[in-house]
Amino acid sequence: MRRGSAIGNSLDGPRAKLGNVVLKFEHSGEETEFDELYKIRHSLAHVLAQAVLEIRPGSTLGFGPPIRDGFYYDFVLSSPITSDDFPEITRRMKKICKQGQKFYREDLEAEEALKRIEEMGEPYKREYGAELIAKNNLTSLSFYRNGPFLDMCQGPHVDNTREIPRDAFKLRSVAGAYWRGDSKNTMMTRIYAWAFEKQDELDAYVSAYEEAQARDHKRLGRELGIYAIDNDIGKGLPLWLPNGTVIRDELERLAKELEFKAGYQRVATPHLAKESLYHTTGHLPYYAEDMYPPMELLESADDEENGSTERVKESYRLRPMNCPHHHKVYAAEPRSYRDLPLRLAEYGQVYRFEDSGAVSGLLRVRGMCMNDAHIYCTREQIKSEFKAILQMYQQAYDILGLDKFHIRLSKWDPEDPKGKEKYVDNPDAWRESERVLEEVLNEMEIEFKEGIGEGAFYGPKIDIQFTTVTGREESVSTVQLDFAVPGRMDLKYVGSDGEEHTPFCIHRAPFSTHERMVAFLIEHYNGAFPTWLAPLQVQLLTVSEQFDEYAQSIVERLRQQLVRAELAPSNDTLPKKIRQGATRKIPNLLIIGEREVADGTVTLRRYGRKDQVTVSVEAFESALLHAISSRAPEVVLQD
Ligand SMILES: [Zn+2]
Ligand SMILES: [Zn+2]
């Protein structure tokens, strides 16, 4: 008898999402909400295991579930498998499909079921089967057989293997995976595959996947020298390399200009604060999981008169957000209605303790620098401030060339049974502030969707949801209205009536964090940044070494005007220099040969364009400086 079984269920926890189908993984035997694609993927996992056992007899099996775009199976292999084995495995899988093996279900009483798995020689399945029975008080387990292959599994499957579309699956990769995701357990070999109902769906998915891989910010970030992660520094704490730092600085410069013009004032505040501050704001204890643990130290008690040497214990926390510090800047001076709106801005570094499994590239990090500002205003000023902020967002996106986004008005959920824990309990304030934001959007004729239950705990917000070039939805920026925390922090201003009032606070960050924004822009531009943002703006390539001096004089001339220009190393041939410039995605390459030196010209090759234009040094320089100062998508030469 063939050995092997696939406990295809309960792998992704009690509920897993596959496309738009929600799967319930209780071992009830009821088959609900499983669609055709799920059955195909599930059946294919059996077929994969069957084929692998044919070429690697003596291997044992782990889990083999359907996933978002296909399925995988985990093995302890009798000898290794690489992607070189994929054609052979695929051939065998297709053969099994052609044979039209029927899936038969058999339910065995618990004890007998475990005996059966033992006979199959599957220690990992035995462990899991016993656990399923004990945990859920099961009286039986179900098995499926197709051809010679036996599998402990809940189903459902296709009726027989001929129903599996043979041209709509593709083995993708081999990876290591610990049994049950625990590094203390055996390392298994996981084989991933894509699977769809139709071949053209598979083809479309695979090409979108490859495109996303090519644009992936982790890959381009490394290739273009933008950032690095070093284990000695720590997980999720990116080091910005010189090229990445240029991009950060340019984004920051743009943000500061827009903010200056809109009447913001800059502040600078420390990266940490006493723990007690976060109890006042309400971040602790609720937000504790997302914060780094406390730093404890002994502080001399400030009691100079008595000359006391008493030492007191203090706890400090790295800040997870800038708001409390800015609230303290607000509170540092007495405020009157004449000071409002008060707009305080800072590119502020914050630290959040992301789960180590979630930390990835620049998108999920533990240290990030936020384009933050807090606007303190009266009730009457909320609308005009929101309008000005949304206009600034639009300006920023126009410059960056971002136009695929939609707006979501995120509200509280008055029906939420846990609403009192999740939201500030003030229904009137919620209704009032949601109405104000809705008016803002309507008056600006901005289309929006509503997100019930998506509000912040202290008030509603307007979220800007981007669709990335690879079709992923990404929340890049938000504007939030806070009617609660200023009161909690006891912030006041003296109104025109001579009485004390509590201001409203608006939180906003059009450029998000540097980490999130740069990751997003790398993929958006596919690493080919426009001249104003590009780490290296101009590279000069000489046809031969004898022209280096002329080229170097142009480099100097450009650098004096703050242009990031350099001369390519001269020991390479011109075609090689051009290829390398393209690999680095440098927006402007200037070719210098005999004719250019004689005429005082340069020959310009722009990234992604085939044409070359020869112009005077002066003409190029003025077009370049104009493109940089206007933050244009590319250098445009005047005829
Ligand atoms: Zn199955
Ligand atoms: Zn804030």
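**Exercise 1. Locate Pro156 and describe the peptide bond before it.**

Step 1. Pro156 sits in the loop that runs between β8 (149–152) and β9 (169–178). The model used here is a predicted one.

Step 2. The bond to examine is the one from Gly155 to Pro156; its omega is near 0°, and the bond is cis.

Step 3. For background, most peptide bonds are trans.

**Exercise 2. Describe the peptide bond from Leu340 to Pro341 and say where Pro341 lies.**

Step 1. Omega of the bond from Leu340 to Pro341 is near -5°, and this bond is cis.

Step 2. Pro341 belongs to the loop between α9 (323–331) and β17 (342–351).

**Exercise 3. Give an overview of the protein chain: its helices and strands, its box, its buried share and its contacts.**

Step 1. The protein chain holds 18 helices and 30 strands.

Step 2. Along the principal axes, its C-alpha atoms fill a box of roughly 80 × 80 × 60 Å.

Step 3. The chain has 639 residues, of which 35% count as buried.

Step 4. Take the contacts with a separation of 6 or more: 69% of them are between residues 24 or more positions apart.

**Exercise 4. Compare the reach of helix α7 with the expected value, then sort some of its residues into buried and exposed.**

Step 1. Helix α7 covers residues 242–261, which is 20 residues. From first C-alpha to last it reaches 29 Å, close to the 28 Å expected at 1.5 Å a residue.

Step 2. The buried residues in α7 are Gly244, Ile247, Leu251, Leu254 and Ala255.

Step 3. Viewed down the axis of α7, these buried residues fall within an arc of 95°, so they line one face of the helix. The general rule is that an α-helix has 3.6 residues a turn, so residues three or four places apart point the same way.

Step 4. Pro242, Arg253, Glu257, Phe260 and Lys261 are exposed on the other side of α7.

Step 5. The cover over the buried residues of α7 includes β11 (227–228), β12 (239–240), β18 (367–377), α10 (382–400) and α14 (514–525).

Step 6. Just after α7 comes Gly263, with a positive phi of about 85°.

**Exercise 5. Work out how α7 and α14 are oriented to each other, and list the residues that meet.**

Step 1. Two packed helices are described by the angle between their axes and the distance between the axes.

Step 2. For α7 and α14 the angle is about 110°, and the axes are 11 Å apart.

Step 3. Angles of 65 to 115 degrees count as roughly perpendicular, and α7 and α14 are therefore roughly perpendicular to each other.

Step 4. From α7, Gly244, Ile247, Arg248 and Leu251 meet His514, Met517 and Val518 of α14.

Step 5. Sorted by class, the contact of α7 with α14 has 4 nonpolar, 2 polar and 1 charged residues.

**Exercise 6. Do the corresponding work for α3 and α4.**

Step 1. Helix α3 (residues 110–120) packs with helix α4 (residues 123–136) at an angle of about 170°, and their axes are 9 Å apart.

Step 2. Angles over 145 degrees count as roughly antiparallel, and α3 and α4 are therefore roughly antiparallel to each other.

Step 3. On the α3 side the contact is made by Ala110, Ala113, Leu114, Ile117 and Glu118; on the α4 side, by Lys125, Arg126, Gly129, Ala130 and Ile133.

Step 4. By class, this contact of α3 with α4 has 6 nonpolar, 1 polar and 3 charged residues.

**Exercise 7. Asn526 and Leu562 have a positive phi. Place each in the chain and classify its exposure.**

Step 1. Phi is about 55° for Asn526, which is not a glycine. Leu562, likewise a residue other than glycine, has phi near 65°. Most residues other than glycine have a negative phi.

Step 2. Asn526 is in the loop between α14 and β26 (538–542). Leu562 is in the loop between α15 (548–559) and β27 (565–567).

Step 3. Asn526 has 14 C-beta neighbours inside 10 Å and so counts as partly exposed. Leu562 has 10 other C-beta atoms within 10 Å and is exposed.

**Exercise 8. Describe the surroundings of Val76.**

Step 1. Val76 is part of strand β5 (residues 70–76).

Step 2. Because it has 18 C-beta neighbours inside 10 Å, Val76 counts as partly exposed; a buried residue needs 20 or more.

Step 3. Leaving out residues up to four places away in sequence, Val76 touches Ser59, Thr60, Thr186 and Met188.

Step 4. Val76 and Met188 are 112 residues apart along the chain, and their C-alpha atoms are separated by 5.1 Å.

Conventions: Residues numbered from 1 in each chain as written. Chains lettered and ligands numbered in written order. Predicted model: local features only at pLDDT ≥ 70, side-chain atom pairs only at ≥ 80, totals over all residues. Helix = DSSP H or I, 4+ residues; strand = E, 2+ residues; numbered from the N terminus. Expected span 1.5 Å × (residues − 1). Buried ≥ 20, exposed ≤ 12 C-beta atoms within 10 Å, placed from the backbone. Arc of directions from axis to C-beta. Contact = placed C-beta atoms within 7 Å. Axes fitted to C-alpha atoms, helices over the stretch in contact; angles between N-to-C directions. Parallel < 35°, antiparallel > 145°, perpendicular 65-115°, else oblique. Nonpolar A, V, L, I, M, F, W, Y, C, P; charged D, E, K, R; others polar.
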